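Here is a round of questions on how the terms used for a structure are earned. Each answer sets a value against its criterion.

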Amino acid sequence: MTAGTNRTQAGKESDAGDGSKERGESQGSKGSQGAKGSQGSGGAAGTAGTAGAVATGRAAKIDRLAELTRRTGATVGNSLWKEAFRRLRSNRMAVIGAVVIALFVVVAVVGPWVTPYSPTAQTWRGEVLANQGKFVGARGENWFGLDHLGRDMFSRMLVGARQTLLVGVVSMLIGLLLGALIGTLSGAAVTLGGRAGRRIDTVVMRVIDILLSLPSLLLAVSIAAVMGQSLTTVMIAVGVVQIPVFARLLRGSMLAQGGADYVLAAKALGIRRKRIVLTQILPNSLSPVIVQATLSLATAIIEAAALSYLGLGNPDPAVPEWGVMLSQAQRFFDNAPMMAVYPAVGIIITALGFTLLGEAMREALDPKLRG
Amino acid sequence: MLRLVVRRLLQLIPTLLGLSVLLFLWLNRLPGGPASAILGERATEADVARINRALGLDQPVWVQYGRFLKRVVQLDLGTSTQTGQPVWDEFVLRFPATVELSVAAMLIAVAAGIPLGYLAARRRGGWLDVTAVSGSLIGICVPVFFLALLLKGVFAVGLGLFPSYGRLSTGLDATGVTGFAVLDGLLTGEFDATWDALVHLVLPAVTLASIPLAVIVRMTRASVLEVVGEDYVRTAESKGLEKRVVRVRHVLRNALLPVVTAVGLLTGSLLSGAVLTESVFSFGGIGSFIRTSIDARDYPVLVGFIMFIAMVYVLINLLVDLAYSLIDPRVRVH
Amino acid sequence: MPLLSVDELTVTFGGRDRRPSTAVDGVSFTVGQGQVVGLVGESGCGKSVTSLALMGLLPAKGVTVGGRADFDGTDLLTLSPARMRDLRGRELAMIFQDPLSSLNPVVPIGLQVTEILRRHRGLKGEPARKEAAQLLDRVGIPDPGRRLKEYPHQLSGGMRQRALIAMAVACAPRLLIADEPTTALDVTIQAQILELLRELVDQEGTALLMITHDLGVVAGLCDQVNVLYAGKAVETAGRRELFGHPTHPYAHGLLGSIPRLDAPRGEPLHPIRGSINDKIAWADGCAFAPRCDHYTLECLTGTPELTEPRAAGHRVRCVNPVLPAVPPTAEVPA
């Protein structure tokens, strides 16, 4: 047989990777033989089949073509979420963020049950007083040292994690749910409601823009200041300032999706518009909201800490929370900086975890970056 | 240009009206209301009724709103319970310090953020990029007041390089002409006062700059990365223009457009940060005042502050809009 | 000796973590002084990448360029970036597809023209402005004095493309590369732009490399045509020869899929089935085979060579060319 046939068999045995490269390099020398060996290769296919007829040649031809086409490895579309998840897994930022969050959640859930000491017991009070301003740092029985009242810092950190998570999640949910409600109504009003709908949307968005224009922390401060000092106040104040963010985001996303071709196609198919909004537009508009929810957890934790610092946090001394701990520690910062550093580092790392995951999700879901 | 200014000013009216309605409703209609805020939780019903009558809260809502609006227009924000002075006067007195701090912080953020963001984008994946990106992510996550405590603890208390509180050392006083300590020193020829004011400004300004700096670095980087891939940059390259011309005229000029908008929006967060920063450094601006007002439950000040900030913020947005129309010809035309 | 002679140009994309993909796979062609040469093919066939490789505009990272491109004795592909920058805009110039996105939106048209005059011809100030106005006038932009001060968004689509052409011809380059210059324009404007290019070529003796998927453009403008498929030239011939006797099944199909006014009523069009994504690796055989009506097992045994089955200078990469004497059949007897 001629060179042409040998190459065919080599091609069948080798994998797409190295084999094809070898063949590509040998192309220059063997190419001319290939042209001459044309009769031969046709014959080879013929003898391979038992009938040796034209039909077998045709089948062989199609099989060969199918195999070669497969080898170019055109990736067929995965779903947006599957694809995004695959990209997240290979993104270092996302993995670090997810691990940090997982650790934080585990500590928040389990923490209060495994504390070595009671977080409120002033067990070493006398020792602290005897030290006269000199603080007890990290040591064998107190890993993070003692606070100004002789309480075990490590135990307080563990219990505080749960409070911090609670404040973050609840206030994020307040913002997310109310914001998404307003955003959906506004977005749906534009899509469904003709002129009246657009007018409703304009009014709602004006109000939202005004709220957005106010510095969030100051808005939270004034809400908290009027409502008085409590844990609920902090969660509401931090949550309320997130509402306009979510509303604007979801509405914008819905309007963008409303102009997409698949919506036009659904309209052309005669699907009711209300149904299109609920089954097509809304689900497709949610990905930026999910990203924002992750990022908002970070913001909420930081802002809650700021409110605590301004003296608007949870006044209950029995419930340690990182923000409150940090604000109490500031008075002693010059003598016992570590007392502030532990809760601060807790806040920073947690917020960083949510930020990293959120940013990585944003990248993974960005259709511009897919491919 | 003038027509644009006038039109933008007219467009502000509905926004400001909407804001006033929101503030009014929030002040008067929220559970509790001003009466319980003033009297505390132990107020008797008779007391509440008396206060309500005294404040005119028994009248129809729209009458109340009208009166409220009239007072706001006259810049009457009530009287501070701490100082007994009109709230507006207290703000005007303290505003220059906050402006000085905010401007200094914004200058730092812009001057450092734009070059950093640009270099990070141009050397994508390099050590500078990795440092800038991770640094700005961390920067966003560090609570401002903790950073303030940290910087103060290390550089002021620990190393003694900078003063730890105030705007000027005792004994120096250059206040008078503009209220801006740095400027006043220059204007009156008291250069030692200017230097002293600058030294006092360093730590608070660096603290306050942290978040805007982080945002500007990230925005500039993202924006440059996007613009570099634009067709017109390829056109500029195809003309064989000098690298410098391509970078400045074709890349940066376009990449900075969204950054300008961001700088405007960041001014809001700057004012939030100023409250926290000023209170750590006892800077004597509006922020410190707000901090003491929270402790003293000085409601007229707190509520007036929201209105004051809203006005400032609306004005800043107007300025940003105008600046934007100057640098982007597409906005200028329509 | 031709002005530009491209020999076995290969462009491969692929970074550290991406599978390498070859966009241009050993393309050879020549462009003579004053000649108009067409590179024709579907999107994704490598024609635009070819032009960017010649201009040195491919990104520095993640791209491997092989082969030679002799431009008047210098190899464009191995030239230092700085030398290439000197050549671009002066000796070689390029016109891009989308005139709106190819012009810097925030820089006036005037500056975008004068910057190239300043760079390569040392013209500044008033002389540069005068020359720019003359250039705009020459490419048929009325009232050039006013247009110089305007921004791209203020011009119509055809006007923008004319402005881009003005920039490209500002330094009388010897080779002009036009990448689908009419795709983004209305049909009437398309004709005007082609007319303008024709004029420029005739008057200046500029060589023009025309990149297009539009066979109408080829028929009206090109002297020599190269049909590209999946990164390789599959047919090269003079215009008359190619349109008269398309020999590669792909070129044959392309011409067959054009609607004709003189065809009998009701005659169906003959589209090429599938898309350019249905391909096999050239190393395995003819990339066009999956879409070809004439393929045989022989087409699947390595890259077909360029041969001249019909006439000298009419080169075809096909083992089963469409030749008038032997009508093409689905099966070649074994």
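**Contacts, spans, sheet and domains**

Q: How many residues does the contact take from chain B and from chain C, and what makes two residues count as touching?
A: In this predicted model, 21 residues of chain B and 26 residues of chain C take part. Each counts because its C-beta atom, placed from the backbone, lies within 7 Å of one across the contact.

Q: Which helices of chain B each supply at least two residues of the side that touches chain C?
A: Helix H10 (231–238), helix H11 (243–281) and helix H14 (329–333) of chain B do. H10(B) gives the most, with seven residues.

Q: What makes ten residues on that side of chain B count as charged?
A: Asp, Glu, Lys and Arg are the charged types. By that rule the side of chain B that touches chain C divides into ten charged, five polar and six nonpolar residues.

Q: Why are residues 101–121 of chain B called a "transmembrane region"?
A: The name comes from an unreviewed UniProt entry. Its list for chain B includes residues 101–121 and 197–217. Such annotations may be inferred rather than shown by experiment.

Q: What does the model show over those two spans, helix or strand?
A: Residues 101–121 of chain B are 100% helix and 0% strand, with end C-alpha atoms 30 Å apart. Residues 197–217 of chain B are also 100% helix and 0% strand. Their end C-alpha atoms lie 28 Å apart.

Q: How do you know that E1 and E2 of chain C pair?
A: Pairing needs at least two bridges. Eight bridges join strand E1 (residues 4–13) of chain C to E2(C), so the two strands pair, and they run antiparallel. One of the partnerships links C:Ser5 to C:Thr30 in E2(C).

Q: Why do E2 and E5 of chain C stand at the edges?
A: The open sheet has the order E2-E1-E4-E5 (chain C), with antiparallel pairing. Strand E2 (21–31) and strand E5 (74–75) of chain C each have a single partner strand, so one side of each lacks a neighbour in the sheet.

Q: What packs on this sheet?
A: Helix H1 (residues 47–55) of chain C does, touching E1, E2 and strand E4 (63–71) of chain C. The direction of H1(C) makes about 70° with that of E2(C).

Q: Where do the domains of chain C lie, and how many residues are in contact between them?
A: The domain assignment gives domain 1 (4–222) and domain 2 (248–317) of chain C. Their C-alpha centres lie 29 Å apart. Five residues of domain 1 of chain C are in contact with five residues of domain 2 of chain C.

Technical notes
Residues numbered from 1 in each chain as written. Chains lettered and ligands numbered in written order. Predicted model: local features only at pLDDT ≥ 70, side-chain atom pairs only at ≥ 80, totals over all residues. Helix = DSSP H or I, 4+ residues; strand = E, 2+ residues; numbered from the N terminus. Axes fitted to C-alpha atoms, helices over the stretch in contact; angles between N-to-C directions. Domains from an automatic or database assignment.
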